[in-house]
Amino acid sequence: MTSKRIAVVTGAAKGIGRAIVERLISDDYFVIAADIDAVGGQELVAVFGENQLSFEAVDVTSESGINALFDKIDQKFGRLEVLVNNAGIIRDNMIWNMPAEDFDLVISVNLKGPWLLCKEAARLMKRQNSGRIINIASRAWLGNRGQTNYSASKAGVVGMGRALALELGKYNVYVNTIAPGLIDTTLTRNLEPDVLQKLIQAQPTRTMGKPEDVANAVAFLASPQTHFITGQTIYVDGGKSIGAGG
Ligand code: NAP
């Protein structure tokens with residue numbers, strides 16, 4: 001048993017998720033790191049130790065897996081202060097080349113997964129009359145060529161967060177969305193170099209963001225000192241969402 005605030009972070013093993021884990025641990029949270037990548041998860045335990053973090057090998061698309069995770073949290077801690085839905089994937093293609101399976105997979109991981117976790121977290125947080133849910137969407141919810149599946153999934157995350165903020169407001173549970181732009185992780189490093197350079201040059205800042213930039217926004221929304229902000233989407237995108245070039 002711990003007296004620290006408890007946070008669940010999905011997609012915690014690498015990239016933005018890992019930066020969120022590091023930041024929340026430095027803010028004195030106990031983090032339940034959930035990821036499909038069990039090897040990366042064990043590495044997290046080795047780095048941070050069991051007093052600061054536990055790892056759960058979880059596929060966010062598995063309803064039974066998510067239910068088992070929250071049963072465990074309820075039995076062990078009886079509370080949950082923060083949920084960060086961060087796990088996400090891309091399967092980019094122009095729509096005429098995109099297999100329907102890649103639409104289903106991206107919607108399942110990026111939208112249904114967060115919905116399953118929100119549902120379980122909402123039960124706990126409603127009961128305790130407090131909590132913070134932070135969903136990581138993407139600036140791409142506004143639309144990106146080659147990402148009909150991804151943009152749709154992230155637009156769904158934005159809409160889900162707004163609806164859930166309405167449902168949970170009276171229970172003192174705040175639900176907000178972060179929409180990162182181009183952030184330096186394996187997800188972006190796997191892009192063709194010339195494609196990545198073009199994307200960087202299209203940024204108002206001409207730079208990529210760092211995972212820590214997203215983690216800082218998460219820390220702000222998760223903080224017990226942050227009040228009266230719910231149902232909002234915060235862009236961490238170097239101004240790209242302004243949309244007027246520059
Ligand atoms: P990443 O480096 O690929 O890390 C994502 C993590 O999630 C990986 O450990 C991955 O495991 C895990 N994961 C994938 N499918 C999962 C599942 N079904 N269940 C549980 N875990 C799963 O990605 P990232 O760049 O940090 O992105 C994190 C979030 O930010 C995503 O939601 C992404 O859409 C969003 N985002 C990223 C950027 C960017 O520029 N990087 C921009 C906007 C939004 P495996 O590696 O084993 O698949």
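**Exercise 1. Determine which polar atoms of the protein lie close to oxygen atoms of the ligand.**

Solution. In this predicted model, a polar backbone atom of Ile16 is 2.8 Å from an oxygen atom of the ligand. Turn next to the side chains. Thr185 places a polar side-chain atom 2.5 Å from an oxygen atom of the ligand, and for a polar side-chain atom of Thr186 the corresponding distance is 3.0 Å. A polar contact requires a pair of N or O atoms within 3.5 Å. Finally, consider the cover: on its own the ligand has 910 Å² of accessible area, of which the protein covers 88%.

**Exercise 2. Identify the elements that give two or more residues to the shell around the ligand, and describe the composition of that shell.**

Solution. The elements in question are helix H1 (15-26), helix H5 (148-168) and helix H6 (186-189). Of these, H6 gives the most, with three residues. The ligand has 29 residues around it, and those that come nearest are Lys14, Ile16, Asn86, Tyr150 and Thr185. By class, the shell comprises 15 nonpolar, nine polar and five charged residues.

**Exercise 3. Locate Met94 and explain why Met94 counts as partly exposed.**

Solution. Begin with the position: Met94 belongs to the loop between strand S4 (82-85) and helix H4 (100-128). The relative accessibility of Met94 is 30%. Partly exposed is the class between buried, under 20%, and exposed, over 50%; Met94 therefore counts as partly exposed. Together with Ile95 and Trp96, Met94 forms a nonpolar patch on the surface, and the three have about 370 Å² of accessible area together.

How values were computed: Residues are numbered from 1 along each chain as its sequence is written. This is a predicted model: local features need pLDDT of at least 70, side-chain atom pairs count only at pLDDT 80 or more; totals for chains, interfaces and linings use all residues. Side-chain values use heavy atoms; hydrogens and water are left out. A residue is near a molecule or strand if one of its heavy atoms lies within 4 Å of it. A polar contact is a pair of N or O atoms within 3.5 Å; within protein, one must be able to donate a hydrogen and the other to accept it, and residues adjacent in sequence count only if both atoms are side-chain atoms. Accessible areas come from the Shrake-Rupley method with a 1.4 Å probe; for residues, only the protein chains shown count as cover. Helices (H or I, at least four residues) and strands (E, at least two) are DSSP runs, numbered from the N terminus. Ala, Val, Leu, Ile, Met, Phe, Trp, Tyr, Cys and Pro count as nonpolar, Asp, Glu, Lys and Arg as charged, and the others, Gly among them, as polar. Patches are made of residues with over 30% relative accessible area and no salt bridge: like charges are joined within 9 Å, nonpolar side chains (Val, Leu, Ile, Met, Phe, Trp, Tyr) within 5 Å. A salt bridge is a side-chain nitrogen of Lys or Arg within 4 Å of a carboxyl oxygen of Asp or Glu. Buried means under 20% relative accessible area, exposed over 50%, partly exposed in between (1.4 Å probe, protein chains only).
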